[in-house]
Amino acid sequence: MRAVDIIIKKRDHQELTDAEIEWFIQGYTKGEIPDYQVSAWAMAVLLNGMNERETTSLTMAMATSGELLDLSGVVPYAVDKHSTGGVGDKTTLVVAPLVASCGLAVGKMSGRGLGFSGGTLDKLESIPGYRAELSTEEFLDQLAKIGIVVSGQSKDLAPADGKLYALRDVTGTVQSIPLIASSIMSKKIAAGAQAIVLDVKVGYGAFMQNLEDAQYLARLMVEIARQTGRKAVAYLSDMNQPLGNAVGNAIELKEAIQTLQMKGPEDFLEHCLEIASRMLLLGKIVPTQEEAQKMAMDHLEKGKAWEKFVEWISTQGGDVRTIQDPNLLPLAKKEIKIFAPRSGFIHQIHAKKVGLAAMFLGAGRQKKGDPIDFGVGVLVHKKVGDQVQGNELIFTIYAGENSDIDPVKALLFDALIIKDNPAEKYPLFYGVIE
Ligand code: URA
């Protein structure tokens with residue numbers, strides 16, 4: 001086989017066979033097919049799509065590009081969660097220790113920032129010393145010992161996804177339903193999840209802009225789970241405005257810490273309780289979601305989720321002093337405040353524009369392998385539906401000493417729409433697909 005023929009076939013709207021997909025992914029993983037050919041192929045997939053069979057085949061090729069973990073000897077039942085990516089989405093940082101504190105083990109493989117959306121690993125790495133790259137043995141050991149581990153793709157686990165994910169980030173090929181579905185499900189399958197709660201974001205700051213696409217992606221992933229002997233439930237959740245208030249890396253981590261201490265934003269807390277309780281239900285820790293909600297709330301209030309978070313971070317090498325005193329976390333020196341240009345009701349805080357503003361500040365990558373600045377970001381002080389007075393604080397920008405602030409300010413002013421008439425609040429969720 002030749003890589004160029006596979007690219008041409010997809011360019012010309014033809015279906016790829018399982019053997020072609022497997023050969024292409026294996027060749028990329030081994031370094032035999034170069035980035036430029038895989039970029040061209042990814043663009044062809046983005047433009048011309050893949051059917052369900054091709055997507056399942058791509059998922060399995062990426063999952064089996066490394067080891068497939070079998071967690072059955074380590075934990076009684078492995079439940080995982082994954083978000084399709086959004087702005088201000090720090091859910092894993094709260095939900096993973098929360099459900100682990102309730103007795104449901106979480107062994108999770110997370111990703112880095114992708115395009116304008118943030119990534120759990122980048123947020124975690126704002127803690128000095130945090131080790132995102134673990135060997136399989138370390139991953140399993142930690143899961144058995146403390147019931148929680150969050151790592152990135154390694155050379156052992158779904159390495160093809162690790163490479164392709166970074167390449168898509170910088171080649172304009174993120175927004176593809178088959179590429180997103182296979183990326184997420186290959187990680188979940190490789191890490192041994194038996195049940196998965198999927199958080200499919202929809203809106204301005206999501207890769208899926210409308211409910212129809214989000215439903216299609218959700219159904220596709222639930223179906224891939226079924227075909228591979230797993231159970232998945234997918235939430236369709238709002239991403240028109242950022243989730244919570246903080247958008248960046250260390251500032252999101254700080255907001256997650258506040259939430260674990262019951263001092264976080266309401267919308268984010270509610271979102272986390274819903275996802276956590278569904279995980280507890282799937283993991284058969286409690287028989288109803290109502291009881292699961294109660295249990296999760298109780299563990300937050302009694303500080304058990306916070307204790308689990310501290311145990312997790314210290315076991316994974318993070319400097320615990322920085323989470324116990326988040327003022328020690330990186331924070332950019334320059335602070336710029338943006339006030340409401342007029343009085344009225346907030347109709348829009350465009351999540352993608354806020355995400356891009358954070359990315360331009362250095363919270364995300366412009367090209368593969370770029371370093372990121374953990375201390376920069378944007379705090380959003382209001383929500384859609386809020387009434388504001390002219391000159392009320394809307395955004396605080398945290399910028400590096402030499403950042404070019406003008407395009408960031410322009411993006412944020414552009415993200416904001418204030419009108420005289422009241423605006424409806426966005427719901428947190430638009431539905432669930434089981
Ligand atoms: N999250 C992933 O893991 N992969 C994607 O492609 C998008 C979101």
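## Around the ligand

Start with H82: one of its polar side-chain atoms sits 3.0 Å from an oxygen atom of the ligand. Keep in mind that this is a predicted model. R168 does something similar, with a polar side-chain atom 2.9 Å from an oxygen atom of the ligand. S183 deals with a nitrogen instead: an N or O atom in the S183 side chain is 2.6 Å from a nitrogen atom of the ligand.

Which residues are around the ligand? Besides H82, R168 and S183, you'll find S83, T84, L114, Y165, I180, I184 and K187 there.

## How the chain is split up

The protein chain comes in three pieces: domain 1 covers 3-49, domain 2 runs over 71-324, and domain 3 takes in 330-419. Going by C-alpha atoms, the centres of domain 2 and domain 3 are 25 Å apart. Their contact draws on 28 residues from domain 2 and 28 residues from domain 3.

## Where domains 2 and 3 meet

People often give the size of an interface as the accessible area lost when the parts come together. Here, domain 2 and domain 3 bury about 2200 Å² between them, and 61% of that is on carbon and sulfur atoms. Which three residues supply the most of the area that domain 2 buries against domain 3? They're F116, Y204 and Q241, which together account for 23% of that area.

There's polar chemistry between these two domains as well. Ten residue pairs are in polar contact between domain 2 and domain 3, counting pairs with both residues at pLDDT 80 or more. On the domain 2 side that touches domain 3, α8 (159-169), β6 (246-248) and α11 (250-260) each chip in at least two residues. Sorted by class, that side of domain 2 has 13 nonpolar, ten polar and five charged residues.

## Salt bridges

How many salt bridges does a search of the whole structure find? The tally is 27, and two salt bridges are counted between domain 2 and domain 3. If you want a pair to look at, try D122 and R365, whose side chains form a salt bridge at 2.9 Å, N to O.

Another pair to pull up is K308 and E311, with side chains that meet in a salt bridge at 3.0 Å, N to O. Both residues belong to helix α14 (residues 304-315). They are three residues apart in that helix, so about one helical turn separates K308 from E311.

Notes:
Residues numbered from 1 in each chain as written. Predicted model: local features only at pLDDT ≥ 70, side-chain atom pairs only at ≥ 80, totals over all residues. Heavy atoms only, no water. Domains from an automatic or database assignment. Contact = heavy atoms within 4.5 Å. Buried area = accessible area lost by both parts, 1.4 Å probe. Salt bridge = Lys/Arg side-chain N within 4 Å of Asp/Glu carboxyl O. Polar contact = N/O pair within 3.5 Å; in protein donor to acceptor, adjacent residues only side chain to side chain. Helix = DSSP H or I, 4+ residues; strand = E, 2+ residues; numbered from the N terminus. Nonpolar A, V, L, I, M, F, W, Y, C, P; charged D, E, K, R; others polar. Near = heavy atom within 4 Å.
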